[in-house]
Amino acid sequence: MKPQISASDYEKTVKFIVKYTGAGDQTPRENIQTAKWERSLKITKEGKLTNTDWQSDKEKFNDVKIPVIPGYHTDKSIIPGTSVEQKDIKIEVEYLKNGSFVPVNSQGEPIGDKKQYITDPADSSKVLMQEKLPEIPGYEAPLEKMDPYNADKDQQVFYQKIKHNLLVNVDHPNQYISANEYRRTVQFKVEFSGADEQTPAAVVQTGELTRTITADDEGKIIKDGLYTTPWKAKVSHFKDVEIPKIPGYRAKEKIIPGPRVEDHNIDLHITYEAITNKEKQNNEAKDFVQRIHFVDQQGNKLQNDQVRKLSENDRKNFSVITTPVITGYFSINKQIQVKNSEPEISVEYFSLGKIIPIDLDGNLVSASENGKENYIVKFKNDPHDPSKVSEE
């Protein structure tokens with residue numbers, strides 16, 4: 001009986017199949033290579049089947065470069081072609097979706113859209129370094145470019161909030177910053193005590209200081225920032241404070257010079273002391289009254305006396321007295337020096353002269369003005385100098 005022979009006994013086709021998965025509709029079709037095995041069969045006279053060795057039409061399948069799909073990557077870029085065997089060889093390649101750079105703030109909170117890694121167009125197993133990270137308004141990326149750590153994992157990118165230097169002052173307020181930080185009211189207070197019910201009320205003056213400060217977007221003050229200035233007062237000094245005089249009492253101070261307006265309050269206290277009867281008597285004994293009379297050549301009083309109350313120390317000195325202007329009279333000197341020890345001093349004035357016109361024979365010349373005789377001209381006082389007449 002002759003052996004039964006089918007085509008598979010002397011030829012067969014094997015496949016090298018690369019199957020792709022994971023990229024959805026973008027998944028490539030299978031890559032299939034084939035190889036053909038053949039041999040010769042012979043039936044002897046005796047009816048036995050003999051054959052030659054199988055021979056393949058190729059020794060090795062070709063390498064398979066894995067197609068690049070944007071947004072996906074594989075674990076290798078090439079499937080090496082294996083030696084041809086008498087069986088099918090099947091290799092599966094899985095596409096994995098690329099991860100993304102995720103912009104986050106310092107607390108790890110997302111602040112912008114993800115940026116998916118870019119697959120290398122020449123190598124499906126690689127993702128490219130991100131040459132430019134996403135721009136997030138108000139934030140700054142940590143680096144200009146970044147390389148993903150893991151191609152299929154999202155990677156947080158910590159952005160720093162951009163802090164602007166803001167100028168804040170009276171003219172440029174900020175909703176997050178109290179006005180006390182750039183405008184301040186201080187006071188200079190003088191209080192009194194010791195005079196019982198006659199004690200004066202406190203004298204209080206206020207001053208305003210302003211400055212410019214530097215703050216960031218969140219209202220945090222930046223010390224010694226770009227726009228920061230020292231405190232500056234609108235008025236450099238407070239006014240002097242004259243200590244009120246109270247009969248029967250005294251204070252050591254007569255006047256308090258106004259201190260410089262600084263960025264703090266200034267409080268002073270003045271204490272009155274009662275004057276004893278003995279001190280009053282001593283003070284009264286030391287008082288000395290000097291009267292200065294202003295008279296004409298006949299000793300007639302031209303103006304009220306000038307009365308000067310002098311202390312014992314004053315009596316040892318001289319004083320310079322400015323003589324007043326008295327209409328129709330003049331003084332020889334604008335100022336006179338007097339002894340303070342003299343109780344009575346008289347300053348003598350002289351009548352101002354006249355201009356009387358006469359002719360060559362010595363006769364009075366008359367002139368008529370508005371029907372009136374007008375021939376005598378009186379000198380007028382200089383309003384500022386009792387020793388001169390007006391040139392008008």
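UniProt positions are given in the numbering used here, and annotations may be inferred rather than shown by experiment. The model in every view is predicted.

**Figure 1. Overall dimensions of the protein.** The C-alpha trace spans about 195 × 75 × 35 Å along its principal axes. The radius of gyration is 59 Å, whereas a compact globule of 392 residues would have one near 21 Å. Strands number 38 in this protein, alongside 1 helix. Of contacts between residues at least 6 apart in sequence, 53% join residues at least 24 apart.

**Figure 2. Surface and charge of the protein.** The accessible surface comes to about 27,000 Å². Carbon and sulfur atoms account for 46% of that surface. Buried residues make up 28% of the 392 residues. The side chains include 55 positive and 61 negative ones. The centres of these two sets lie 5 Å apart.

**Figure 3. The annotated spans, residues 6–98 and 179–274.** An unreviewed UniProt entry places the feature "domain: Mub B2-like" at both spans. Residues 6–98 are 44% strand and 0% helix. The end C-alpha atoms of residues 6–98 lie 51 Å apart. Residues 179–274 are 42% strand and 0% helix. For residues 179–274, the end C-alpha atoms lie 47 Å apart.

**Figure 4. Close-up of D196 in the loop between β17 and β18.** Strand β17 covers residues 183–193, and β18 covers residues 203–210. D196 sits in the loop between them. Phi of D196 is near 50 degrees, a positive value in a residue other than glycine. Most residues other than glycine have a negative phi. D196 counts as exposed because its relative accessibility is 56%, and exposed means over 50%.

**Figure 5. Close-up of D224 in the loop between β20 and β21.** The flanking strands are β20 at residues 221–222 and β21 at residues 232–233. D224 lies in the loop that separates them. Phi of D224 is positive, near 55 degrees, and this residue is not glycine. D224 has 66% relative accessibility, so this residue counts as exposed.

**Figure 6. D196 and D224 shown as a pair of views.** Phi is near 50 degrees in D196 and near 55 degrees in D224. The loop of D196 runs between β17 and β18; the loop of D224 runs between β20 and β21. Relative accessibility is 56% for D196 and 66% for D224.

Technical notes:
Residues are numbered from 1 along each chain as its sequence is written. This is a predicted model: local features need pLDDT of at least 70, side-chain atom pairs count only at pLDDT 80 or more; totals for chains, interfaces and linings use all residues. Side-chain values use heavy atoms; hydrogens and water are left out. Helices (H or I, at least four residues) and strands (E, at least two) are DSSP runs, numbered from the N terminus. Buried means under 20% relative accessible area, exposed over 50%, partly exposed in between (1.4 Å probe, protein chains only). The radius of gyration is taken over C-alpha atoms; the globule rule is 2.2 Å times the number of residues to the power 0.38. Contact means heavy atoms within 4.5 Å. Accessible areas come from the Shrake-Rupley method with a 1.4 Å probe; for residues, only the protein chains shown count as cover. Lys and Arg count as positive and Asp and Glu as negative; His and the chain ends are not counted. The place of a charge is taken as NZ of Lys, CZ of Arg, CG of Asp or CD of Glu.
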